[in-house]
Amino acid sequence: MSARERLAGGAANFVDERTGAAKWMKKTLTKVFPDHWSFMLGEIVMYSFVILLLSGTFLTFWFDPSMKEVEYEGSYEPLNGIKMSAAYASTLHISFDVRGGLLMRQIHHWAALIFMAAMVVHMMRVFFTGAFRKPRELNWIIGVALLTLGIVEGFLGYSLPDDLLSGTGIRIAEAIIQAIPVVGSYLAYFVFGGAFPGEVFIQRIYMVHILLIPGIILALVTAHLMLVWYQKHTQYPGPGRTEKNVVGYPLMPVYMAKAGGFFFIVFGVTAFLGAVASINPIWIFGPYNPGQIGAGSQPDWYMGWLDGLVRLAPPLETHAFGFTISWNILIPGLIIPGIIFTLMAFYPFIEQWMTGDKREHHILDRPRNNPNRTAIGAMSLTFTLVCLINGGNDLLATHFDLSINQIMWFSRIGVLVLPPIAFVITKRICLSLQRADRELVLHGKETGRLVMLPHGEFIEVHEPLSNEKAYLLTQHEQNPPLAIGEADQNGVANPQGLKGKLRSRMSSAAQEQIAKPTAKELLELEEGHH
Ligand code: HEM
């Protein structure tokens, strides 16, 4: 036994004798996980969250969350002698006078952008492959909570420096709070500790940003990962993979090594961006002043679609019983996002209702094999994209020499018309891909080699698919739509209410498929009976 092995054995013994952990560790470390690049998306989210915690802690050493007025006397000359909040002055101090301060600020901001982007892409992976199906619905809901918290956390973060851009964002948040009927203005006074902007807001959101939300995110991420562990990770379809097994590699040493390396890659990329790519240069925006607004003010990308939604609302207001209801803020700022996030959280159950499929699923879907779901995903992304485009309407107008009204009208019409078009096109593409798969299985791969037969006919040689590939293209289930409202065996009609009719329509749409080849068809073709 080498000295290193003796040392490792001694350490393991020490821990086991005091905790009895050896048995548990053995079971845990040899647990098998399936392998696919798309399973690394969740890891990127996790690692960028760790980077956020580390870089954020560094920033807390110097950031002063106070709205007390001070006169700037730092090394950034253009702002010398200007009155500003202590929060803004301390952010300038971190940027120009603390060693490594600007790098850390930029790493923190880039990590936040990567965290949100990776979370959205991870969620798309989970959605398009159907990984949210039973038994993982709860983990999907935890995910939607994490996404919501991530958006709020990011917004609070870039509101902290109290520069002109962040103040503009807070002003919009105040307008949205005020738009809540009846209690809105009282609530806004409560949140800001008086009239906007007040003197306590930064201090309050600071506590929420560094303590409350990260704490909740940490707790939810822990629950999220424990569920992944307990329920086991889903796997992509393939030979030897069933609903009852997991084909992959053990945690130790394969994933330990991979995860360790991957963390440093994510850290490296974030640090590189922080070092070379300027982000949120608050000294250019200047301190917040409620009477000013910078041209081209843009929120971070994950808030952009919400901003765009608010920007496209027509001016609608009602005055009743001494109250004003600002529908133009209430609908896009609260009601539509509320509906979107609720539908998103309940989507696994909505799909169960549409298809009647309440069984457990551990094998993932290829997106083309569930055209309806894939089309719903494309429709939602198109909606968000149109809103995001409108969120940057001022910049698009100046950069492409367009009128802001043209972009506004494009968005107003596009937000209603383009998502259904995206739905139809995506569904057609999926069905075409299914048709292509069917052709491949039945007739093999086109080789491009033309052969002349003895009687003069030209044919193209087709290469048969490997068994693995043929299995992959045919392993999915194809279920008929739910038989709702059909007459029974005796021909007695079974009238259904509106709900039944709707479910029947939805089920037919959800189960629309190109029939996959059957063994009989394949046999017939092989025997030459076309
Ligand atoms: C802080 C945010 C999040 C972190 C750190 C995180 C992390 C992870 C990790 C590491 C995995 C296992 C690897 C993988 O499948 O990618 C996973 C799986 C999963 N995540 Fe997340 N995630 C987050 C947000 C979300 C969101 C927003 C959703 C959806 C709304 C979601 C839904 C799921 C589901 C359903 C699984 C199980 C997937 C399966 O077994 O195939 N997660 N998550």
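Colleague: Before we look at Arg125, what counts as a polar contact?

Modeller: A polar contact is a pair of N or O atoms within 3.5 Å; within protein, one must be able to donate a hydrogen and the other to accept it, and residues adjacent in sequence count only if both atoms are side-chain atoms. Keep in mind that this is a predicted model, where local features need pLDDT of at least 70 and side-chain atom pairs count only at pLDDT 80 or more, while totals for chains, interfaces and linings use all residues. Residues are numbered from 1 along each chain as its sequence is written, and side-chain values use heavy atoms, with hydrogens and water left out.

Colleague: OK, so how far is the ligand oxygen from the Arg125 side chain?

Modeller: A ligand oxygen is 2.6 Å from an N or O atom in the Arg125 side chain. For the side chain of His233, the distance from a ligand oxygen to an N or O atom is 2.6 Å.

Colleague: And which distance goes with the backbone of Phe39?

Modeller: There, a polar backbone atom is 3.1 Å from an oxygen of the ligand.

Colleague: How many residues surround the ligand?

Modeller: 23 of them, with His122, Arg125, His224, His233 and Thr234 the closest; a residue is near if one of its heavy atoms lies within 4 Å.

Colleague: Which helix gives the most to that shell?

Modeller: Helix 5, with 6 residues. Helices here are DSSP runs (H or I, at least four residues), numbered from the N terminus.

Colleague: Where does the ligand sit?

Modeller: In the largest pocket, and "sits" means that more than half of its atoms lie within 2 Å of the pocket's grid points. A pocket is an open set of points on a 1 Å grid over the protein atoms alone, where a 1.4 Å probe fits, with protein on both sides within 12 Å along at least five of seven lines; lining residues have an atom within 4 Å of a point.

Colleague: What lines the largest pocket?

Modeller: 50 residues, with Phe33, Met46, Leu225, Val228 and His233 nearest its centre. Helix 9 gives the largest share of that lining, 10 residues.

Colleague: New topic: which residues are closest to the centre of the second largest pocket?

Modeller: Ile340, Met344, Ser380, Leu381 and Thr384, out of 35 lining residues. Helix 14 gives the most to this lining, with 10 residues.

Notes
Helices (H or I, at least four residues) and strands (E, at least two) are DSSP runs, numbered from the N terminus.
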